[in-house]
Amino acid sequence: MSAPATGATPALNATALGVFVFFFALVTVVGFFAARWRRGDLTHLHEWGLGGRRFGSFVTWFLLGGDLYTAYTLIAVPALVFAVGAYGFFALPYCILTYPIVFLTFPRLWNVCRKHGWITSADFVEGRYGSRGLALAVAVTGVLATMPYIALQLVGLEVVFEAMGLSAMGIGRETPLVIAFLVLAIYTYSSGLRAPALIAFVKDAMLYITIIAAVVIIPIHLGGYGAVFAGAQHAFAAQGGAGGVLLKPGQYVPFATLALGSAFALFLYPHATTATLSASSATVIRRNTVWLPAYSVLLLLISLLGYVALAAHIHVDNATLVVPALINASFPSWFAGFCFAAIALGALVPAAIMAIGAANLFTRNIWRPYVDRDMSHAREAQIAKIISLLVKFGALLAVLYLPTQFAIDLQLLGGIWMLQIFPAVMCGLFVRWFRASALIAGWVVGMVLGAVLAMQAGLKPVYTLGMGGAQYGIYIGVIALAANFAVAIVATPIAVWLHSDAPADRTTRGDYEDAAA
Amino acid sequence: MRTARRFLPLLLLLPFIALLWVPFYNRADPTVAGFPFFYVWLFVWVVLAAVLTWVVHRGMRA
């Protein structure tokens, strides 16, 4: 056995559990009430799955913040910092760089989707390139990358349940997860995107309180941040690995490419696209790219918890337990329960939006074109609701019966794969030079190469390339995207030569611009 | 003025240069309130990137 865990209490923490259950129940009520909020006809997919595109700047800010900063972020980023130090902070440039990209691209996507009644990025690709095959590729990538991401949210929940000592009470790990899953599944089914939008208010407020308390109060006991960094550096030196509060020269390129690749991938994920397209105007999106970085400050603070835990001499068997252990060790049990509820809600909001995003894609771009071409609006919404249930059920089964590492590995692959729809979706917003067949060829190469390199690297995100005698570790997603682009660029003139007529583009130049006020 | 506005989005390249050129800011000194420079730089760019986005947003609308 390892050194006695300072934080992770094996005994049941009744006070914490009571506070936790209270907030969980509160949010459940909010979730069901959400169906009546900004009431719309939920038998239409754009109402159920996009909230009727009626969310203003304020709601969108909470929704996107609640969506992007997931329970897994709260658990995994500090765990990475705890384990390897500065390298784990790649999440920060990643989040900073995402918003300028979104500023330049998403207002155009919103405009064109609104104009044509599209609800997914695959809808856009089909209309732009006249290719159902390319739309299918985009949809499959989205669903594939989202499934393990939902599973990881459930893993986040599991970590919280464990920290509250539920296993000590004789309740298996399944029961609380199944209950949480049922609550989530039922209110998503009945309220659609309105439920996570409303719950995000509660979640984000609780999260800000938790994090600010943690990064203000705990370091005071440790003697300020100077002492925190000194303590962390001391701990890394004692471990003797590559960890440290500054990067090693060999980590420069992996750090930069991970940040850049992830920044390009984030908003291609269906949950991010869904939440962004639910905004009420393109201006709402632009305004949000100015104000969403407030969450990046939160992320910086969350990441610092890894150092705080090192300086506070928290010992855990598994780095993912470090944040709950720190909370248990530092706060009275009622506030620990509050913090755990915040993290758990941090799992439910994104999981709901991910399931909705995947359901939108599956229904619109896989079910409709290939199974039931003439389905009614009501039937389309009904199928999306059922798919959202199945997606979550699949994630639950994966968490209960497969090793956790499987979900983590798949999520890594998912990030690499998600990046491969960048040429089709993002370049398509500005130019229509590429041909659909060439984009599909590039996508296939990117997907396969990404998976193969990830396997060869031992399911790590970074692959080491030798160039002119020097060795550089580069994020695999970026390597695969480069290959993807190269193939699409070479194959497009060939496609033009083979059959010179491109299918009709259903969009016009003006569709991408803001409608005159 | 109109041509100037066309080039306004190029301002958004600045955060990419500032954050991806890692050796430039991977240093401990100067520290601010106990934070090594690496972390100060990341924090400053959270704010600066948002300000630049705001400038471009306002400039393109005007």
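Modeller: A residue counts as buried if 20 or more other C-beta atoms lie within 10 Å of its own, as exposed if 12 or fewer do, and as partly exposed in between. The model we apply this to is predicted.

Colleague: Why is A:Leu136 called partly exposed?

Modeller: A:Leu136 has 19 other C-beta atoms within 10 Å. Buried starts at 20, and exposed ends at 12. The value 19 falls in between, so A:Leu136 is partly exposed.

Colleague: Where does A:Leu136 lie, and which residues is it in contact with outside its neighbours within four places in sequence?

Modeller: A:Leu136 is part of helix H7 of chain A, residues 132–163. Beyond those neighbours, it is in contact with A:Asn365 and A:Ile366. A:Ala122 is 14 residues away along the chain, and the two C-alpha atoms are 7.1 Å apart.

Colleague: What makes A:Val215 buried, partly exposed or exposed?

Modeller: The count for A:Val215 is 19 C-beta neighbours inside 10 Å. Buried needs 20 or more, so A:Val215 is partly exposed. A:Val215 sits in helix H9 of chain A. Apart from neighbours within four places in sequence, its contacts are A:Leu301, A:Leu304 and A:Leu305. A:Arg379 is 164 residues away along the chain, with 49 Å between the C-alpha atoms.

Colleague: Why is A:His313 called exposed?

Modeller: A:His313 has 12 other C-beta atoms within 10 Å. Exposed means 12 or fewer, so A:His313 meets the cut-off. A:His313 is in the loop between H14 and helix H15 (322–330) of chain A. Its phi is near 60°, a positive value in a residue other than glycine.

Colleague: What makes A:Leu459 partly exposed?

Modeller: A:Leu459 has 13 other C-beta atoms within 10 Å. Exposed stops at 12, so A:Leu459 counts as partly exposed. Its place is the loop between helix H20 (436–456) and S1 of chain A. Phi of A:Leu459 is positive too, near 55°.

Colleague: How do you know that S1 and S2 of chain A pair?

Modeller: Pairing requires at least two bridges. S1 (residues 462–467) and S2 (residues 470–475) share six bridges, in the antiparallel sense. The requirement is therefore met. In one of the bridges, A:Leu465 is partnered by A:Tyr472 in S2(A).

Colleague: How many residues lie between S1(A) and S2(A), and what is phi of A:Gly468?

Modeller: Two residues separate the strands, which form a hairpin. A:Gly468 is in the turn, and its phi is positive, about 55°.

Colleague: Why is chain A called as compact as a globular protein of its length?

Modeller: Its radius of gyration is 23 Å. The globule rule gives 24 Å for 517 residues. The two are close, so chain A is as compact as a globular protein of that length. Its C-alpha atoms fill a box of roughly 70 × 65 × 45 Å along the principal axes. The secondary structure comes to 21 helices and two strands. Of the 517 residues, 59% count as buried. Among contacts with a separation of 6 or more, 84% join residues 24 or more positions apart.

Colleague: What describes the packing of H1(A) against H9(A)?

Modeller: Packed helices are described by the angle between their axes and the distance between the axes. For H1 (residues 14–33) and H9 (residues 194–222), the angle is about 145° and the axes are 8 Å apart. The crossing is right-handed. A:Val27, A:Val30 and A:Gly31 of H1(A) meet A:Ala195, A:Leu198, A:Ile199 and A:Val202 of H9(A).

Colleague: How do the residues of that contact divide by class?

Modeller: Six are nonpolar, one is polar and none is charged. Gly counts as polar, so A:Gly31 is the polar one.

Colleague: How many residues does each chain give to the contact between chains A and B?

Modeller: Chain A gives 29 residues and chain B gives 24 residues. On the side of chain A, H5(A) gives the most, with eight residues. Elements giving two or more there also include H10 (224–239) and H14 (293–311). That side has 24 nonpolar, four polar and one charged residues.

Colleague: What makes the peptide bond from B:Asp29 to B:Pro30 cis or trans?

Modeller: Omega is near -5°, and the bond is cis. B:Pro30 lies in the loop between helix H3 (22–25) and helix H4 (37–61) of chain B.

Key. Residues are numbered from 1 along each chain as its sequence is written. Chains are lettered from A and ligands numbered from 1 in the order in which they are written. This is a predicted model: local features need pLDDT of at least 70, side-chain atom pairs count only at pLDDT 80 or more; totals for chains, interfaces and linings use all residues. Axes are lines fitted to C-alpha atoms, for helices over the stretch in contact, and angles run from 0 to 180 degrees between N-to-C directions. A crossing is left-handed if the near helix is turned anticlockwise from the far one by less than a right angle, and right-handed if clockwise. Two residues are in contact if their C-beta atoms, placed from the backbone, lie within 7 Å. The radius of gyration is taken over C-alpha atoms; the globule rule is 2.2 Å times the number of residues to the power 0.38.
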